[in-house]
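Work through the exercises below with the sequence and the 3D structure at hand. Each task is followed by a solution in steps.

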Amino acid sequence: MSYRPSLSEFFEPVNYSTSSTDYVYLRNVEEARKTVKYPEYLAKTEKDEIGKYRRFDNPGHAARDRGNFGDPKFRNIFPEGIEKYNHFDITPDLGTEIDDESFQLSQLSDAAKDDFALFLEQRGLAVFRQQDFRDKGPKFAKEFGEYFGRLHIHPVSYSAAGYPELFTTFRNAGTKERYEKVYADTTQSYGWHSDVSFEKYPSSFSIFVALEAPPSGGDTVFIDLREAYRRLSPTIQKFFETLTVIHSNVYQNKFAAHNGQPARVSGDLYTKHPLVRVHPVTKEKSLFFSRGFIQRVEGVKKQESDFILNFLVEHVTSNPEFQVRALHKGGDSRSVIAWDNRFLLHTATLDFLRHTTGNRHHFRITVLGERPYNDVIGDGDGNKEEESGTLTPPGSD
């Protein structure tokens, strides 16, 4: 069976006119701003921003990663132990939730932020409730993220006004008519991905701040790619460690252009990354299977690439034993969800569309990481130029 990159099916002529896409991009941002509680976090791309930004380099991040400087016992972030706070592990291997107003991310010292980085790198996912983070303003959010590294500017997203580093996701309030429109020609709206894996230096951390959310639903689901790697036989693990995979934002750009969304960073990016990567701090291996952006396996025939990628779709995305669901809890839970993109996939869910709800509105801080590498591909400080990096798009010579 042929492997199809995400969103590519929309651009087939037979599907082009029947698929609904305006649930992602608004037709009138200014009108929507009148309905949201935090209008400063919903801004369109202005004319003077179009094509303004360039691709992002981030050499040496593996050595600078703040998790390197965290206390393995987390004495800076949890001086009296995490037991002081109302918390639970979402699963034994992945994810921890802290629901305690006395713990505030906004109050962390630099040493505690280092512990926070290491905590994310070990637990993968952290969910915080009752946070004041959303009320600190865009300047605070940007500066908080910059402590962990260079921030990404998304090519085709909405953002906070004057702060393109703060990526905004938004779904309109509405009634059950949304359901009929979104699912008129499809049975699904999820999209598994690791944030901006098409970049030469993909994301390390994402910090996702809830501004408004439905009373229930609209949650984010995660997949642990460390465990997906562990489940493979040693023979397949070693084989996969030799493979590089081509990631691209080409269809994301097409999708945005179709909806009239201009690009802050122009052009399609094709980038090679190893299929298996090593975490620079924990040294754990994981698959790096960013379903939303992977186009094909390099160096093998098309049918062979399809075979490998289709196997990975089945293996990675269909096993509930290494998936967790981070609940947004809507209402006024004041949730902040943070994760390590280097070994997690995630997707939003639109399971609330059959009901009348308010807006689903969040912003995301996206920290750039190192160039992915492993023991076979790369030198420990990011891949060698001959092994990975930006490619010339096919047919552009």
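**Exercise 1. Classify Leu 7 and Lys 283 by accessibility, and state where each is found and what its phi is.**

Step 1. Leu 7 has 28% relative accessibility and therefore counts as partly exposed; buried means under 20% relative accessible area, exposed over 50%, and partly exposed in between, with a 1.4 Å probe and protein chains only. The model is predicted: local features need pLDDT of at least 70, side-chain atom pairs count only at pLDDT 80 or more, and totals for chains, interfaces and linings use all residues. Residues are numbered from 1 along each chain as its sequence is written, and side-chain values use heavy atoms, with hydrogens and water left out.

Step 2. Leu 7 lies in the segment before helix H1 (13-16). Helices (H or I, at least four residues) and strands (E, at least two) are DSSP runs, numbered from the N terminus.

Step 3. The phi of Leu 7 is positive, about 75°, although the residue is not a glycine.

Step 4. Lys 283 sits in the loop between strand E10 (276-278) and strand E11 (285-287). With 54% relative accessibility, Lys 283 counts as exposed. Its phi is also positive, at about 70°, and Lys 283 is not a glycine.

**Exercise 2. Place Thr 45 and list what it touches.**

Step 1. Thr 45 belongs to the loop between helix H2 (29-33) and helix H3 (61-64).

Step 2. Its relative accessibility is 8%, so Thr 45 counts as buried.

Step 3. Leaving out residues up to four places away in sequence, Thr 45 touches Ile 50, Ser 157, Gln 261, Pro 262 and Arg 264. Contact means heavy atoms within 4.5 Å.

**Exercise 3. Which strands form the three-stranded sheet, and in what order?**

Step 1. The order is E13-E7-E15, in an open sheet with antiparallel pairing. Two strands pair if DSSP finds at least two bridges between them.

Step 2. The edges are strand E13 (323-326) and strand E15 (344-348); each has a single partner strand, so one side of each is left without a neighbour in the sheet.

Step 3. Ignoring direction, neighbouring strands are turned by 25° against each other on average. Axes are lines fitted to C-alpha atoms, for helices over the stretch in contact, and angles run from 0 to 180 degrees between N-to-C directions.

Step 4. Strand E7 (residues 220-224) pairs with E15 over five antiparallel bridges, and Asp 224 has Leu 344 as its bridge partner in E15. Four bridges join E7 to E13, also antiparallel; there Thr 220 is partnered by Ala 326.

Step 5. Five of the five residues of E7 are buried, so E7 is largely enclosed by the rest of the structure. Thr 220, Phe 222 and Asp 224 are on one face, Val 221 and Ile 223 on the other, and both faces are covered.

**Exercise 4. Describe the eight-stranded sheet and the helix that packs on it.**

Step 1. The strands of this open sheet follow the order E1-E2-E3-E14-E6-E16-E5-E4, with mixed pairing.

Step 2. Strand E1 (87-89) and strand E4 (158-160) are the edge strands, each pairing on one side only.

Step 3. From one strand to the next, the twist averages 25°.

Step 4. One of the pairs is strand E2 (residues 96-99) with strand E3 (residues 125-129), parallel over four bridges. Ile 98 stands opposite Phe 128 in E3.

Step 5. Helix H5 (residues 138-146) packs on the sheet and touches E4, strand E5 (163-171), strand E6 (203-212) and strand E16 (360-368). The direction of H5 makes about 110° with that of E5.

**Exercise 5. Which residue classes line the largest cavity?**

Step 1. The lining consists of Arg 134, Ala 210, Leu 211, Glu 212, Ala 213, His 328, Gly 330, Gly 331, Ser 333, Arg 334 and Ser 335.

Step 2. Sorted by class, there are three nonpolar, five polar and three charged residues. Ala, Val, Leu, Ile, Met, Phe, Trp, Tyr, Cys and Pro count as nonpolar, Asp, Glu, Lys and Arg as charged, and the others, Gly among them, as polar.

Step 3. A cavity is a set of points on a 1 Å grid over the protein atoms alone where a 1.4 Å probe fits but cannot get out; lining residues have an atom within 4 Å of a point.

Methods
On a 1 Å grid over the protein atoms alone, a cavity is a set of points where a 1.4 Å probe fits but cannot get out, and a pocket is an open set with protein on both sides within 12 Å along at least five of seven lines; lining residues have an atom within 4 Å of a point.
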